[in-house]
Amino acid sequence: MAALPSKLALVTGASRGIGRATSLELAKRGYHVVALARSIAALESLDDDIRAIGGAATLTPLDLKDFYAIDRLGGVLFERWGQVHALVSCAGVLGVLTPVAHARPSMMQEAFAVNVLAAQRLIRSMDPLLRAAKGTAVFVTSRAARNPRPHWGAYAASKAALEALVRCYAQESQLAQVRVRLFDPGPVRTAMRAKAYPGEDPLGLITPEEVAPALVDVLEGRDGPGQDVLSVFASA
Ligand code: NAP
């Protein structure tokens, strides 16, 4: 087993947007970041930026639709470090904005695979490591889960399912002293937002770099005692 970094975080969706900014924020706060996404070049660019601020990362190119790879990742991290202090499940897909009656089954399946089933598989794979560290898991959600609208069926339904799943996991984890949170960043200037709202002026939106410190504050328990499992970014 390798020497355990004092703080170890696994971040999915680390290649861009909120996950990338969160990875950098975690590195700034002294975490060794296990950075997961499919885009190898983007992960390497993140690695450069983390090194530039004196941090360290382990790059994990992985497609979250490969559920067996998620299972293997848990085993690899267990062998290497035995525990994980923080899980940030940030990867997500919007799907296609279209009426429910027109939605292609393959698109629905991908939205549920990435937004829900991969999150469950991550929980299954990482729970022993989080328990070992009495760590924290944060799952990035969206107001769409609680505000369903026409054409947002795939995204809204998958995020609603994610929220239900995470709330169950949060209750199951209390005795193990694993903190579990949902984090809703509100509208953020990212590729996903631009895809959802192509006519919107992105300069009117907060940046991932502005959201990331709030997300990591939640992860580090600075969302206050007695708060609901769901934290909503104050500027949203
Ligand atoms: P983004 O810029 O599109 O980033 C999405 C991330 O997910 C990328 O790093 C992408 O990496 C990763 N990803 C997607 N499919 C994947 C797969 N199959 N396997 C592994 N990684 C995958 O989106 P974002 O806006 O930062 O969104 C991050 C989270 O915030 C999402 O959960 C989203 O639902 C939520 N959110 C965003 C907003 C907003 O306004 N932006 C609002 C509310 C909630 P690769 O493509 O390299 O794999």
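How much space lies in the largest pocket? The exercises below work towards this and related points. The structure is a predicted model, in which local features need pLDDT of at least 70 and side-chain atom pairs count only at pLDDT 80 or more, while totals for chains, interfaces and linings use all residues. Residues are numbered from 1 along each chain as its sequence is written, and side-chain values use heavy atoms, with hydrogens and water left out.

**Exercise 1. Describe the largest pocket and its lining.**

Step 1. About 960 Å³ of space lies in the largest pocket. On a 1 Å grid over the protein atoms alone, a pocket is an open set of points with protein on both sides within 12 Å along at least five of seven lines, a cavity is a set of points where a 1.4 Å probe fits but cannot get out, and lining residues have an atom within 4 Å of a point. Grid points are joined across faces, edges and corners, and a volume is the space filled by probe spheres set on the points.

Step 2. The lining comprises 44 residues, of which Gly-92, Val-93, Tyr-155, Thr-190 and Met-192 are the closest to the centre of the pocket.

Step 3. Two or more lining residues come from each of α1, β2 (32–37), α4, α5 and α6, and α6 gives the most, with five residues. Helices (H or I, at least four residues) and strands (E, at least two) are DSSP runs, numbered from the N terminus.

Step 4. By class, this lining has 21 nonpolar, twelve polar and eleven charged residues, where Ala, Val, Leu, Ile, Met, Phe, Trp, Tyr, Cys and Pro count as nonpolar, Asp, Glu, Lys and Arg as charged, and the others, Gly among them, as polar.

**Exercise 2. Place the ligand and list what surrounds it.**

Step 1. The space taken by the ligand is the largest pocket; a molecule sits in a pocket or cavity if more than half of its atoms lie within 2 Å of its grid points.

Step 2. There are 31 residues around the ligand, and Ser-15, Arg-38, Ser-39, Tyr-155 and Thr-190 come nearest, a residue being near if one of its heavy atoms lies within 4 Å.

Step 3. Oxygen atoms of the ligand are 2.7 Å from an N or O atom in the side chain of Ser-15, 2.9 Å from a backbone N or O atom of Ile-18, and 2.8 Å from a polar backbone atom of Val-188. The protein covers 96% of the 880 Å² of accessible area that the ligand has on its own, as found by the Shrake-Rupley method with a 1.4 Å probe.

Step 4. At least two residues of the shell come from each of α1 (17–28), α5 (153–172) and α6 (191–196), with α6 giving the most, three residues. The shell divides into 16 nonpolar, nine polar and six charged residues.

**Exercise 3. Find the enclosed space and the second largest pocket.**

Step 1. One cavity of 30 Å³ or more is found in the whole structure, and about 80 Å³ of space lies in the largest cavity. Its lining has 13 residues, with Ser-89, Ala-91, Val-114, Asn-115 and Ala-119 closest to its centre.

Step 2. α4 (105–133), β5 (136–140) and α5 each give two or more residues to this cavity lining, and the largest share, five residues, comes from α4. By class, the cavity lining has nine nonpolar, three polar and one charged residues.

Step 3. The second largest pocket holds about 150 Å³ of space, and its lining residues include Arg-167, Gln-174, Arg-181 and Asp-228. Both α5 and β6 (179–184) supply at least two residues of that lining, which divides into four nonpolar, four polar and four charged residues.

**Exercise 4. Locate Lys-134 and His-151 and give the phi of each.**

Step 1. Most residues other than glycine have a negative phi.

Step 2. Lys-134, in the loop between α4 and β5, has a positive phi of about 50°.

Step 3. His-151, in the loop between β5 and α5, has a positive phi near 80°.

Definitions and conventions: Polar contact = N/O pair within 3.5 Å; in protein donor to acceptor, adjacent residues only side chain to side chain.
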